[in-house]
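Please look over the structure below before reading on. The paragraphs that follow start from a single pair of side chains and then move outward to other parts of the model.

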Amino acid sequence: MAAPLRVLACGDAEGRLEALFGRVRAIQDKSGRFDMLLCVGNFFGSTSDTEWTEYRTGAKKAPIQTFVLGANDQETVRYFPDVSGCELAENITYLGRRGVFSSTSGLQIAYLSGTESQDEPAPAYSFSSKDVTELKTSLLSTPNFKGVDILLTSPWPRDVGNFANSPGKIDTKKCGSTLISDLAASLKPRYHFAALEKAYYERLPYRNHTVLQETPQHVSRFIALADVGNTSKKKYLYAFSIVPMSLMDPAELVKQPQDVTENPYRKSRKEAQKTKALVCAEEEPACQFFFDLNKHQGKKRPSDGKERGNSQPKQAKNPSQPTGPCWFCLASPEVEKHLVVSIGTHCYLALAKGGLLPDHVLILPIGHYQSVVDLSPEVMEEVTKYKSALKEFFRSKGKRYVLFERNYRSQHLQLQVIPVPLDCTSEDIKESFITQAQEQQIDLLEIPEHSDITQVARPGTPYFYVELDTGEKLFHRIRRSFPLQFGRAVLASPALLALPERADWRRCAAGRPEEAAQACAFRRDFQPFDLAPPE
């Protein structure tokens with residue numbers, strides 16, 4: 001493998017060049033020479049002239065090859081004489097308004113100067129959707145494009161905090177640029193640097209592919225840097241080593257770190273694409289096509305208005321109607337209500353009939369939904385709350401839970417939640433499931449814990465999945481048949497609960513008075529943890 005390049009990245013310099021370059025000299029004296037310094041955010045500030053004059057005239061020289069982005073406000077536009085980029089002083093280069101810089105070593109750096117503007121043409125210190133589109137097009141049209149090594153922007157990308165560690169006081173749903181989110185999602189940078197918020201935030205790495213649906217790709221890392229010399233001593237310089245993507249072994253490039261998360265921009269991009277599709281549908285109704293997701297061939301079929309009804313925008317998912325009597329819709333007369341132990345707004349909790357253990361419970365939607373991937377956001381949110389409450393409840397009793405769902409030969413979602421002793425480690429549980437799956441030629445795969453199950457299974461897809469209370473998950477896409485008692489049988493096996501005689505629920509059914517007593521006991525113990533404790 002080629003020798004890695006040593007790179008420094010910096011947040012808002014705000015004209016404090018002596019402080020910045022003094023720190024760079026100290027780092028190089030201690031750690032050796034770096035190849036370049038990349039500056040995002042405001043390189044110049046309102047008091048820049050005195051220090052800048054010394055560098056512009058050659059009286060002083062930057063100690064490292066420095067690349068900077070352009071102005072973010074009208075006041076500093078004057079420091080950048082050529083929008084296409086130019087040398088500002090010895091060793092200090094303005095990259096330009098937008099583009100791609102390729103170093104002699106093969107490192108590819110995409111950059112976009114300024115802040116987002118809705119105006120067209122954008123002011124000299126801003127970029128517009130046209131700028132982003134042209135930058136994306138110039139790269140995406142490259143044969144075999146995989147992504148860029150580094151992306152430099154001044155604003156943060158909107159929603160970068162989705163699925164991630166906390167960015168502190170920064171609200172990433174309101175802060176930053178949606179255009180930069182779209183740019184980052186398209187260019188797949190291995191490193192993305194931004195500033196302007198006077199905060200340091202190193203996000204967990206995120207993946208650029210859909211697990212089990214797309215070929216693995218490299219991960220991206222977003223790092224926001226604070227302002228130079230800030231009194232809070234927040235990090236404003238970031239040092240890293242990088243081998244250009246073009247020189248890396250493909251297998252090494254796509255390795256996924258343990259803490260990788262879902263892509264934070266996928267949801268916002270889907271919403272944007274949906275909005276765009278609706279606009280196109282209104283403008284050109286004769287050219288509408290829909291993909292039939294039930295077909296594997298992926299052929300297009302025209303919309304004639306009969307199969308899909310009207311072309312109104314999709315509303316939030318509503319419960320479907322059961323095709324026959326349903327044992328789990330709460331309003332159904334078939335529900336055995338004496339087993340219900342908690343009722344929320346969208347979900348309820350019930351003891352399992354013929355449970356593996358007395359505190360074996362089910363999380364069920366009140367309305368009729370077939371699987372987790374069919375749930376609306378508000379129902380999913382309440383499912384998550386119930387999982388958190390059950391985790392606390394079982395932990396208070398020295399236990400942990402294992403949850404599984406079988407979306408196969410069932411018409412109403414049932415999330416089976418079964419407690420196991422706390423000394424059953426995650427590795428023990430996963431090994432038991434995977435080993436017994438292999439014995440039955442079931443391909444049970446571990447997926448990253450930050451993954452959303454909706455990213456690996458589409459509505460209507462039969463599947464089986466296991467989730468531990470740590471968030472770790474195992475997934476199997478059911479293609480033919482599947483043993484209906486598989487999840488329960490694994491937990492009942494000698495390696496875990498050692499209750500093989502209870503592997504089949506039909507052998508464990510109790511009388512109604514006994515079931516009612518168990519439900520009453522569970523309800524009483526669970527009450528302090530319940531989402532909506534009784535008044």
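A good place to begin is the salt bridge that D359 forms with K399, in which the closest N and O atoms are 2.9 Å apart. This pair links distant parts of the chain, since D359 sits in the loop between β18 (347–351) and β19 (361–365), whereas K399 belongs to strand β20 (residues 399–407), and the two are 40 residues apart. The partners can also be described by their accessibility: D359 counts as buried because its relative accessibility is 12%, and buried means under 20%. K399, by contrast, has 26% relative accessibility and counts as partly exposed. The model that shows this pair is a predicted one, and this should be kept in mind throughout.

The pair just described belongs to a structure that holds 27 salt bridges, and some others can be followed in the same manner. The side chains of K430 and E446 meet in a salt bridge as well, with 2.9 Å from N to O. K430 lies in helix α8 (residues 426–439) and E446 lies in strand β22 (residues 445–447), so this salt bridge ties together parts of the chain that are 16 residues apart in sequence. K430 is buried, with a relative accessible area of 6%, while E446, at 44% relative accessibility, counts as partly exposed. A further salt bridge is formed by K60 with E54, where the closest N and O atoms are 3.4 Å apart. Here K60 is partly exposed, with a relative accessible area of 28%, and E54 likewise counts as partly exposed, at 31% relative accessibility. Salt bridges can also be joined into a network, as they are for R97, R98, D131 and E134.

Strand β22, which carries E446, leads to a set of paired strands. β22 and β24 pair in the antiparallel sense over 3 bridges, and L445 has F475 as its bridge partner in β24. Strand β23 (residues 463–468) pairs with β24 too, again in the antiparallel sense, over 5 bridges, and in this pairing the bridge partner of V466 in β24 is L474. β23 and β24 form a hairpin with 4 residues between them, and in the turn G471 has a positive phi of about 100°. As for its surroundings, strand β24 (residues 473–477) is mostly covered, with 4 of its 5 residues buried.

Another part of the model is built around an open sheet, which 6 strands form in the order β4-β5-β3-β2-β1-β14, with mixed pairing. Its edge strands are β4 (86–89) and β14 (237–242), each of which pairs on one side only. From one strand to the next, the twist averages 25°. Within this sheet, strand β2 (residues 36–39) and strand β3 (residues 66–68) run parallel and are joined by 3 bridges, and C39 has V68 as its bridge partner in β3. Helix α2 (residues 49–56) packs on the sheet, where it touches β4 and β5 (92–94), and the direction of α2 makes about 110° with that of β4.

Helix α2 also has a helical neighbour. Helix α1 (residues 17–31) and α2 pack at an angle of about 55°, with their axes 9 Å apart. Angles from 65 to 115 degrees would count as roughly perpendicular and those under 35 degrees as roughly parallel, and α1 and α2 are therefore oblique to each other. On the α1 side the contact is made by L17, E18, F21 and R25, and on the α2 side by E51, W52 and Y55. Sorted by class, this contact of α1 with α2 has 4 nonpolar, no polar and 3 charged residues.

Finally, these parts can be placed within the whole. The protein has 10 helices and 24 strands, and buried residues make up 49% of its 535 residues. Among contacts between residues at least 6 apart in sequence, 70% join residues at least 24 apart. The salt bridge of D359 with K399, whose partners are 40 residues apart, is an example of a link between distant parts of the chain.

Key
Residues are numbered from 1 along each chain as its sequence is written. This is a predicted model: local features need pLDDT of at least 70, side-chain atom pairs count only at pLDDT 80 or more; totals for chains, interfaces and linings use all residues. Side-chain values use heavy atoms; hydrogens and water are left out. Two strands pair if DSSP finds at least two bridges between them. Axes are lines fitted to C-alpha atoms, for helices over the stretch in contact, and angles run from 0 to 180 degrees between N-to-C directions. Contact means heavy atoms within 4.5 Å. A salt bridge is a side-chain nitrogen of Lys or Arg within 4 Å of a carboxyl oxygen of Asp or Glu. Buried means under 20% relative accessible area, exposed over 50%, partly exposed in between (1.4 Å probe, protein chains only). Angles under 35 degrees count as roughly parallel, over 145 as roughly antiparallel, 65 to 115 as roughly perpendicular and the rest as oblique. Ala, Val, Leu, Ile, Met, Phe, Trp, Tyr, Cys and Pro count as nonpolar, Asp, Glu, Lys and Arg as charged, and the others, Gly among them, as polar.
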